[in-house]
Amino acid sequence: MSKNHDLFEKAQQVIPGGVNSPVRAFKGVGGEPLFISHAKGAEMFDVEGNSYVDYIGSWGPMIAGHGNEAVLKAVHAAVDNGLSFGAPAPAEVTLAEKICQMIPSIDKVRMVNSGTEATMSAIRLARGFTGRNKIIKFEGCYHGHADSFLVKAGSGVLTLGIPGSPGVPDAVADLTLTVPFNDLDQLSELMKACGDDVAAIIVEPIAGNMNMIEPLPGYLQGMRDLCDEYGSVLIFDEVMTGFRVALGGAQAVYDITPDLTTFGKVIGGGLPVGAFGGREEIMNYIAPVGPVYQAGTLSGNPLAMAAGYAMMKEISVDGFYQDLAGKSERLIQGLQQAADDAGVTFSTRFIGGMFGLFFSEQPANSFDELTSEGEALYKKFFHEMLNRGVYLAPSAYEAGFISSKHDDALIDLTIKAAQESFKAL
Ligand code: KE4
């Protein structure tokens with residue numbers, strides 16, 4: 001058998017499912033996951049030496065390409081000073097200042113080690129700040145794997161068809177209220193019924209864990225107004241959209257000011273970093289200034305801070321996002337033309353360096369508009385493209401990501417692979 005297969009067999013003996021995160025297991029598309037030996041720029045190379053144009057980018061962080069020279073140089077320089085101190089270090093201040101300068105809604109920011117830690121902490125902070133217990137999230141949105149969020153979640157939960165998750169006590173799940181994304185009437189009704197008990201509304205301002213679904217016009221403003229009316233904290237979960245769709249994230253795209261924002265992925269440059277930040281009045285409720293406890297041995301780790309700051313400088317270069325959007329547009333237009341030429345019902349959308357692919361006349365505007373027929377076609381398309389050297393998300397419920405290192409040649413290779421793949425469906 002193949003080297004990859006043997007490795008997967010070995011992995012499954014000692015790691016549940018052979019992976020350290022479920023969505024990597026290819027359960028959403030079938031087949032065996034590829035083990036990657038190395039990556040550079042816009043390409044990944046599996047253990048058998050096959051190359052792939054990568055549109056996952058580690059699920060978002062690799063916006064400036066794998067093995068980005070500036071990021072690697074920063075990490076190499078930091079390594080020689082020691083890996084972790086468990087004490088404050090200058091690099092933490094440098095990155096925090098940069099984030100506060102880049103995101104106007106953020107007065108103060110706390111570093112953590114993952115997006116899940118960021119959203120989990122933000123919810124606890126909102127509950128502590130308001131003295132309320134209920135939270136509202138949206139069907140198909142994913143905010144990491146903390147108990148409160150595994151209620152009609154997106155991403156891997158959707159991919160694996162898990163309705164919620166065993167292990168989440170009813171007492172916890174009952175405090176999480178869920179309504180469909182993009183339905184302001186239902187949200188308004190729910191807030192009218194219990195808004196005074198709602199600590200926070202948490203939302204992916206662009207939903208990237210049920211494919212890619214944009215907010216309808218006025219939706220986010222309506223959410224902002226409801227939070228103001230009932231005194232609930234508005235949390236934008238920008239773990240995925242932060243520094244991905246625009247330099248200022250989705251809140252800049254739609255000009256909405258959340259009370260708290262969560263980050264991950266890009267701000268770590270590929271190393272484990274998450275963060276939550278927002279208005280000083282709320283952030284000062286976090287220990288040691290305030291009573292809401294939150295902590296982490298490796299939070300603000302000097303290597304991760306060095307990688308994150310180098311990444312922030314890379315993406316702050318003039319024209320970075322215009323160039324990125326241009327690459328997305330070239331890709332998306334080419335895929336759409338390829339589908340049209342092959343007579344395949346297909347639609348797309350993108351914002352900045354994030355895109356969605358839909359096997360439907362129009363891109364979905366809600367979770368319910370995602371169809372099983374579309375999912376089945378996506379699974380076939382995924383493997384046809386993989387066999388032609390293009391690595392898309394191994395799930396119909398994920399968004400795609402492009403980087404500054406996807407040059408015209410690699411995008412055109414992708415389009416050519418799509419021309420053949422659509423015809424093979
Ligand atoms: P992490 O704990 O995986 O760093 O972040 C959780 C998270 C929070 N919020 C949003 C909007 C997210 O998209 C995520 C994580 N995204 C998934 C991909 N859709 C990570 C991939 C995985 O689970 O392996």
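User: Before we start, what does contact mean here?
Analyst: Contact means heavy atoms within 4.5 Å. Keep in mind that this is a predicted model.

User: OK, helix α7. Which of its residues are buried?
Analyst: Helix α7 covers residues 184-194. Its buried residues are Leu 187, Leu 190, Met 191 and Cys 194.

User: Why do they line one face of the helix?
Analyst: Look down the axis of α7. The buried residues fall within an arc of 100°, so they line one face.

User: And what do those buried residues pack against?
Analyst: Three strands and a helix. The strands are β5 (134-139), β6 (176-180) and β7 (198-203). The helix is α8 (219-230).

User: What's exposed on the other side of α7?
Analyst: Asp 185, Lys 192 and Ala 193.

User: What happens at the start of α7?
Analyst: Asp 183 has a side-chain oxygen there that reaches to within 3.2 Å of the backbone nitrogen of Asp 185.

User: Switching to cysteines. How many disulfides are there?
Analyst: A search of the whole structure finds 0. Take Cys 141: the nearest cysteine sulfur belongs to Cys 227, 14 Å away.

User: Why is there no bond for Cys 227?
Analyst: A disulfide is a covalent bond between the sulfur atoms of two cysteines. For Cys 227, the closest cysteine sulfur is in Cys 194, at 12 Å, so it is too far for a bond.

User: Are those two, Cys 141 and Cys 227, buried or exposed?
Analyst: Cys 141 has 0% relative accessibility, so it counts as buried. Cys 227 is at 1%, so it counts as buried too.

User: New topic: aromatics. How many pairs?
Analyst: The structure holds 18 aromatic pairs. One of them joins Phe 346 and Phe 359.

User: Why is that pair edge-to-face?
Analyst: The ring planes sit at 65°, so the pair is edge-to-face. The cut-off for that is over 60 degrees. The ring centres are 5.3 Å apart.

User: Where do the two sit in the chain?
Analyst: Phe 346 is in the loop between α12 and β11. Phe 359 is in the loop between β12 and α13. They are 13 residues apart, and both are buried.

User: Which residues do ring pairs link into a cluster?
Analyst: Phe 26, Tyr 52, Phe 382 and Tyr 391.

User: Last one. Where is Thr 414?
Analyst: Thr 414 is in helix α14, residues 408-424. Its relative accessibility is 1%, so Thr 414 counts as buried.

User: What is Thr 414 in contact with?
Analyst: Leave aside its neighbours within four places in sequence. Then Thr 414 is in contact with Val 53, Tyr 55, Leu 331, Leu 335, Met 385 and Val 390.

Key:
Residues are numbered from 1 along each chain as its sequence is written. This is a predicted model: local features need pLDDT of at least 70, side-chain atom pairs count only at pLDDT 80 or more; totals for chains, interfaces and linings use all residues. Side-chain values use heavy atoms; hydrogens and water are left out. Helices (H or I, at least four residues) and strands (E, at least two) are DSSP runs, numbered from the N terminus. Buried means under 20% relative accessible area, exposed over 50%, partly exposed in between (1.4 Å probe, protein chains only). The arc is that of the directions from the helix axis to the C-beta atoms. A polar contact is a pair of N or O atoms within 3.5 Å; within protein, one must be able to donate a hydrogen and the other to accept it, and residues adjacent in sequence count only if both atoms are side-chain atoms. Rings of Phe, Tyr and Trp (its six-membered ring) pair if their centres lie within 6.5 Å; planes under 30 degrees apart count as stacked, over 60 as edge-to-face and the rest as tilted. A disulfide is a pair of cysteine sulfur atoms within 2.5 Å.
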